[in-house]
Amino acid sequence: MTARLADILRAARHDLFVGREAERALLMDALRAPEPPFHVLVVHGPGGVGKTALLHEYLQLCQQEGACATYLDARHLEPTPDAVLRALADAFGLPAPTPVLEALAERVERHVLLLDTGERLAPLDGWLRETLLPQLPARMLLVLAGRDPPPPAWRSDPGWRALTRTVALRNLTPEESCRYLRLRAVPPAQHAAVLDFTHGHPLALSLVADSAAQHERERAFDPGTEPDVIRALLERFAEIAGVDPARRGALEAAAQVRVVTEPLLAAMLGLADAHDLFAWLRSLSFMEAGPFGLFPHDLVRDALALDLRWRNPDLYDELHQRARGYYAARLQRTQGAEQQRVLFDYVYLHRHNPVVRPFLEWQESGAAVGETPASPADVDALVAMVRRHEGDASARLAAHWLARQPHNALLFRDPAGAPSGFMLALALRELDDAGRGADPATRAATDHLARHAPLRAGEQATLFRYWMDREGYQAVSAVQSRIFVAIVRHYLVTPGLAFTFFPCADPDFWAPMLAYADIGRLPEADFVVGDRRYGMYGHDWRVVSPTAWLALLARRETGTTPSTAQAAPTDRLLVLSEPEFVGAVRDALRRWSERDALRTSPLLRSRMVAERAGGATGDAERVAVLRALVREAAAALRAAPRHARLADVLHHAYFRPAPSQERAAELLYMSFSTFRRHLKAAVGAVTAQLWRWELDGPPPADAADPAARAGTSVGTDAVGGGPT
């Protein structure tokens with residue numbers, strides 16, 4: 001017989017079909033069984049995941065097994081009983097006006113009905129379940145493919161629950177994806193980049209293969225330069241096409257973050273209430289619910305994010321800025337594991353930066369690697385981990401430090417509870433001379449501090465002495481990504497943190513990532529243990545504070561600052577010694593009522609002012625911040641009854657000065673010698689409080705006492721005004 005075009009088309013589809021072994025075996029077993037083991041097979045998954053391709057493969061399998069099969073696509077049907085019955089009559093070749101259900105009930109041969117785009121028939125679910133399907137012959141098997149899983153009524157009915165099988169169709173595995181790309185003649189050099197973008201999504205793989213064939217490129221695939229591929233993908237996600245602007249905005253916001261919650265969505269969209277939009281997102285087939293919120297399937301997320309960044313970069317930046325603001329506020333209100341999750345969400349905003357993306361595993365689903373402080377029972381396993389990757393000499397040092405600073409070891413566990421990696425953050429201040437000299441790493445770090453960045457009273461320095469994954473050591477992994485987030489948390493919450501050291505077994509590999517993070521190479525602090533040389537990186541947090549550091553990363557995140565650029569001069573701080581700081585505070589108080597005098601104060605480039613000022617870099621803004629901080633420190637005196645007189649002395653000496661200190665003493669009904677003694681104590685108390693804020697960071701502005709903020713405007717204080 002002459003071959004039909006339909007046969008050639010079916011063969012072409014079959015030749016390019018890869019994977020789905022379990023799904024194919026499920027149908028084959030049903031076709032070969034004497035009686036069907038189930039009567040309804042529901043295949044569900046998001047758009048483009050390959051449902052239609054699987055149904056066409058099922059047609060091929062039915063032909064091989066000699067079973068009759070009929071394919072029907074519901075996208076061409078009106079969702080009414082009459083339309084469905086007419087379509088069935090046409091598909092089975094029944095002449096009008098033959099009663100469809102009666103005719104089908106008389107059939108005795110094995111028959112498979114393949115119904116595609118089943119979500120179109122959702123309004124008919126009750127009729128299908130209660131009227132149509134019960135009247136089909138017992139030897140007929142219905143395969144129903146759609147975006148959504150069966151409604152709850154199918155699962156709650158014992159009968160249908162026993163007769164139905166459900167398959168959630170997922171993306172192809174990396175091996176299956178590469179096999180498909182080879183069949184499509186995509187150059188092997190492009191496979192890694194294609195898989196990184198498509199995540200094995202069949203439609204995306206097909207579109208990328210088409211693009212590669214059309215352009216005949218040998219260069220690596222870059223989705224950022226393929227707006228046509230992104231547009232074609234988004235057009236094929238029917239749930240996205242044509243939505244109103246509010247819903248489109250909700251989708252684009254959800255695509256930027258790791259997981260989205262109602263409060264986060266409201267913050268990103270500038271809404272008081274995002275409940276309805278969140279509920280709509282939750283209803284979409286490509287959205288999944290994790291323990292901490294909703295997240296899109298990987299491909300949908302990447303396609304939406306890349307499309308927005310290409311189409312509307314200003315909105316892309318704005319959404320990131322609002323997400324950062326939300327996370328920054330959450331960091332102030334959380335601690336422990338919850339704070340760690342917020343930080344991971346914060347870091348996740350950097351995932352599309354080409355420098356960062358290769359160095360972190362993002363875990364979009366929200367599944368976390370468990371982390372706990374190390375216990376004595378874990379020490380042997382951690383030492384063995386070090387011995388495996390770094391040798392005996394390093395293992396002996398690890399045992400030494402785990403015995404002396406076990407509280408500074410953070411352990412990561414796998415789902416079975418076994419150690420899967422760890423980090424040991426040595427507090428260098430806790431080491432005596434013998435301890436510093438016992439390890440080449442601590443010796444190199446402390447020597448560097450002594451030569452280049454001496455610690456001031458109350459300051460801390462940390463050496464991240466060990467960090468590793470049980471299997472991958474210091475390679476990119478889920479544990480390594482969690483370690484990096486834990487390190488960022490250490491930067492932000494450690495009181496008095498002045499300097500951190502980060503050693504790497506392969507410093508060149510990590511150079512791009514650490515340069516992006518403004519962690520500088522310190523080759524003079526490299527060290528050797530056993531037969532291995534380790535490269536040292538470090539950061540002086542007194543020069544670029546955590547707040548300025550986060551601002552720098554925010555600019556790099558969306559590409560507005562080159563990843564290798566230095567922090568701006570306004571971000572770089574003065575590292576004042578304690579005597580220099582005390583002198584600057586006393587000078588600021590003495591010159592408090594002189595207009596513009598504080599514009600030359602070195603305190604304007606102190607950590608406490610920079611962190612409170614946030615992004616403000618002008619002298620006027622920083623003078624206002626300095627005045628506010630001094631006032632808040634003075635207000636703390638008034639809050640303690642036994643120090644209230646000290647606050648009065650400061651007020652009449654500096655904030656609203658009397659004509660002379662003798663006159664100030666008279667106003668307070670005290671002798672001049674008592675006034676001078678109280679003034680010295682008041683200045684000392686205010687300076688001590690400001691020094692603590694310089695080392696540890698100031699409290700948030702909204703945490704300050706309202707009375708302390710009174711009169712902090714430049715216009716009032718510049719002329720000596722203030723509360724009486």
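The accessible surface of the chain amounts to about 31,900 Å², and 55% of this area belongs to carbon and sulfur atoms. The structure described here is a predicted model. Of the 724 residues in the chain, 52% count as buried. The secondary structure comprises 33 helices and 15 strands. When contacts between residues at least 6 apart in sequence are considered, 72% of them join residues at least 24 apart.

Several pairs of helices were examined. Two packed helices are described by the angle between their axes and the distance between the axes. Helix H2, formed by residues 21-32, packs on helix H3, formed by residues 51-65, at an angle of about 35°, and their axes are 10 Å apart. The crossing of H2 over H3 is right-handed. On the H2 side, the contact is made by Glu 23, Arg 24, Leu 27, Met 28, Leu 31 and Arg 32, while H3 contributes Leu 54, Glu 57, Tyr 58, Leu 61, Cys 62 and Glu 65. By class, the residues of this contact between H2 and H3 divide into 7 nonpolar and 5 charged, with no polar residue.

Further along the chain, helix H19 (residues 379-390) and helix H20 (residues 392-404) have axes that come within 7 Å and cross at roughly 155°. Because angles over 145 degrees count as roughly antiparallel, H19 is roughly antiparallel to H20. H19 passes H20 in a right-handed crossing. The residues of H19 that take part are Val 379, Leu 382, Val 383, Val 386, Arg 387 and Glu 390, and they meet Asp 392, Ser 394, Ala 395, Ala 398, Ala 399 and Leu 402 of H20. The contact of H19 with H20 has 8 nonpolar residues, 1 polar residue and 3 charged residues.

Helices H28 and H31 form another such pair, with axes that come within 9 Å and cross at roughly 120°. At this angle, H28 and H31 are oblique to each other. The crossing of H28 past H31 is right-handed. In H28, the residues Leu 629, Val 630, Glu 632, Ala 633, Ala 634 and Leu 637 meet Ala 682, Ala 685, Val 686, Gln 689, Leu 690 and Trp 693 of H31. In the contact of H28 with H31, 10 residues are nonpolar, 1 is polar and 1 is charged.

Both of these helices also help to cover helix H29. Helix H29 spans residues 644-655, and 9 of its 12 residues are buried, so the helix is largely enclosed by the rest of the structure. The buried residues of H29 are Leu 646, Ala 647, Asp 648, Val 649, Leu 650, His 651, Ala 653, Tyr 654 and Phe 655. The elements that cover them include helix H26 (578-590), helix H28 (619-639) and helix H31 (672-696).

Burial was also examined in helix H4, which consists of residues 81-91; its buried residues are Ala 83, Val 84, Ala 87, Leu 88 and Ala 89. Their cover includes two strands, E2 (68-73) and E3 (111-116), and two helices, H5 (100-105) and H6 (125-132). Just after H4, Gly 93 takes a positive phi of about 70°.

Individual loop residues were considered next. Most residues other than glycine have a negative phi. Thr 117, which is not a glycine, nevertheless has a positive phi of about 55°. Thr 117 is placed in the loop between E3 and H6. With a relative accessibility of 9%, Thr 117 counts as buried, because the limit for burial is under 20%. His 199 is likewise not a glycine and has a positive phi of about 55°. The loop that holds His 199 runs between helix H10 (191-198) and helix H11 (202-215). His 199 has a relative accessibility of 22% and therefore counts as partly exposed.

A further loop residue, Glu 459, is found between helix H22 (440-452) and strand E11 (460-469). Its relative accessibility is 1%, so Glu 459 counts as buried. Apart from neighbours within four places in sequence, Glu 459 is in contact with Arg 429, Pro 454, Gly 496, Ala 498, Arg 542 and Leu 695. One of these residues, Arg 542, is 83 residues from Glu 459 in sequence, and the two are 9.8 Å apart in space, C-alpha to C-alpha.

Definitions and conventions
Residues are numbered from 1 along each chain as its sequence is written. This is a predicted model: local features need pLDDT of at least 70, side-chain atom pairs count only at pLDDT 80 or more; totals for chains, interfaces and linings use all residues. Side-chain values use heavy atoms; hydrogens and water are left out. Helices (H or I, at least four residues) and strands (E, at least two) are DSSP runs, numbered from the N terminus. Buried means under 20% relative accessible area, exposed over 50%, partly exposed in between (1.4 Å probe, protein chains only). Contact means heavy atoms within 4.5 Å. Accessible areas come from the Shrake-Rupley method with a 1.4 Å probe; for residues, only the protein chains shown count as cover. Axes are lines fitted to C-alpha atoms, for helices over the stretch in contact, and angles run from 0 to 180 degrees between N-to-C directions. Angles under 35 degrees count as roughly parallel, over 145 as roughly antiparallel, 65 to 115 as roughly perpendicular and the rest as oblique. A crossing is left-handed if the near helix is turned anticlockwise from the far one by less than a right angle, and right-handed if clockwise. Ala, Val, Leu, Ile, Met, Phe, Trp, Tyr, Cys and Pro count as nonpolar, Asp, Glu, Lys and Arg as charged, and the others, Gly among them, as polar.
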